[in-house]
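The exercises below ask you to work through one model, reading each answer off the coordinates before turning to the solution. Keep the sequence and the structure side by side as you go.

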Amino acid sequence: MKKLVLFALVIGNLAFGQTKKVVGSQVNWWGYKIAKTEASSHNGTVNLKAGNIVMKGNQVVGGTFVLDMTSLTSTDLKGEYQTKLNNHLKTGDFFEVEKHPTASYTITSVKKNNDKVYNYIVNGNLTVKGKTNPVSFPAKIAYSKGVVSLVSNKFTFDRQKFDIAYASTMQDVLVKDDIDMLVKVTAK
């Protein structure tokens, strides 16, 4: 009987996929002022609170990642200016962290890409401030000895689609709609 149950579990994992828990991550972001340049930008990090990648054989077929928005931090500033920017990003002008302490990304599909470095296109749904929109990005995905690594190329999403906006129209014009991100995840 034990062999039959074990056999059913193995077959189930092959048919429906195997879930790998995220054990390491790095999420970087860039926000821009009037012109989208390094000189007119802020950048930083946000921590991954939890995550998993679903494998079917050697292929990534799904996954979910939960971002801890309370950890949102700028890394281009120091001291008082860093504290001011960090606190401002967490207000209703931007991410409204008190009401929305997490954001999430759910992989809906992964397709081969012709790029030699970023060999896949990851398609999924990003949820920020209770708003969900599709976001896709190129990624280098590798699987070896039970460990999956997913490294995105820098990709962009439109903050306006998630109501990440200043309350004042004039101030909103000073901040570009693009937010760039780069994600590195390891799961096993």
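**Exercise 1.** Does K129 count as buried, partly exposed or exposed, and what is its relative accessibility? Find also where K129 is placed in the chain.

Solution. The model is a predicted one, and every value here should be read with that in mind. Begin with the position: K129 belongs to the loop between β5 (120-128) and β6 (131-144). Next take the accessibility, which is 12% for K129, so that this residue counts as buried. Finally look at the backbone, where the phi of K129 is near 55°, a positive value in a residue other than glycine.

**Exercise 2.** Repeat the analysis for D163, and state what its relative accessibility is.

Solution. D163 sits in the loop between β8 (155-158) and α3 (169-173). Its phi is positive, about 60°, although D163 is not a glycine. The relative accessibility of D163 is 41%, and because this value lies between the limits of 20% and 50%, D163 counts as partly exposed.

**Exercise 3.** How many aromatic pairs are there? Describe the geometry of the pairs that F137 makes with Y105 and with F155.

Solution. A pair of aromatic rings is described by the distance of the centres and the angle of the planes. With ring centres within 6.5 Å as the criterion, the count comes to 3 aromatic pairs. In one of them, Y105 and F137, the centres are 5.6 Å apart and the planes stand at 45°, so the pair is tilted. Since Y105 lies in strand β4 (residues 102-112) and F137 in strand β6, this pair ties together parts that are 32 residues apart in sequence. Both Y105 and F137 are buried.

Now move to the pair of F137 and F155, which is stacked, with 4.6 Å from centre to centre and 20° between the planes. Here too distant parts of the chain are linked, F137 being in strand β6 and F155 in strand β8, 18 residues apart. Both F137 and F155 are buried. Putting the steps together, Y105, F137 and F155 form one aromatic cluster.

**Exercise 4.** Which residues have the most contacts inside the largest nonpolar core? For one of them, I53, list the contacts beyond its neighbours within four places in sequence.

Solution. The largest nonpolar core has 40 residues, and those with the most contacts inside it are I53, V60, F65, F95, Y105, V122 and I141. Leaving aside neighbours within four places in sequence, I53 is in contact with Q18, T19, K20, V60, G62, G63, F65, V148, V185 and A187. Y105 therefore appears both in this list and in the tilted pair with F137.

**Exercise 5.** How much space lies in the largest pocket, and which residues are closest to its centre?

Solution. The volume of the largest pocket is about 550 Å³. Of the 29 residues that line the largest pocket, the closest to its centre are W29, G31, L89, F94 and V175. The elements that give two or more residues to this lining are β1 (18-32), β2 (41-56), β3 (59-74), α2 (79-89), β5 and β9 (178-187).

**Exercise 6.** Is E98 buried or exposed, and how far apart in space are the C-alpha atoms of E98 and M69?

Solution. E98 is placed in the loop between α2 and β4. With a relative accessible area of 82%, E98 is exposed. E98 and M69 are 29 residues apart in sequence, and their C-alpha atoms are 9.2 Å apart in space.

How values were computed:
Residues are numbered from 1 along each chain as its sequence is written. This is a predicted model: local features need pLDDT of at least 70, side-chain atom pairs count only at pLDDT 80 or more; totals for chains, interfaces and linings use all residues. Side-chain values use heavy atoms; hydrogens and water are left out. Helices (H or I, at least four residues) and strands (E, at least two) are DSSP runs, numbered from the N terminus. Buried means under 20% relative accessible area, exposed over 50%, partly exposed in between (1.4 Å probe, protein chains only). Rings of Phe, Tyr and Trp (its six-membered ring) pair if their centres lie within 6.5 Å; planes under 30 degrees apart count as stacked, over 60 as edge-to-face and the rest as tilted. A nonpolar core is a set of buried Ala, Val, Leu, Ile, Met, Phe, Trp, Tyr and Cys residues joined through side-chain atoms within 4.5 Å. Contact means heavy atoms within 4.5 Å. On a 1 Å grid over the protein atoms alone, a cavity is a set of points where a 1.4 Å probe fits but cannot get out, and a pocket is an open set with protein on both sides within 12 Å along at least five of seven lines; lining residues have an atom within 4 Å of a point. Grid points are joined across faces, edges and corners, and a volume is the space filled by probe spheres set on the points.
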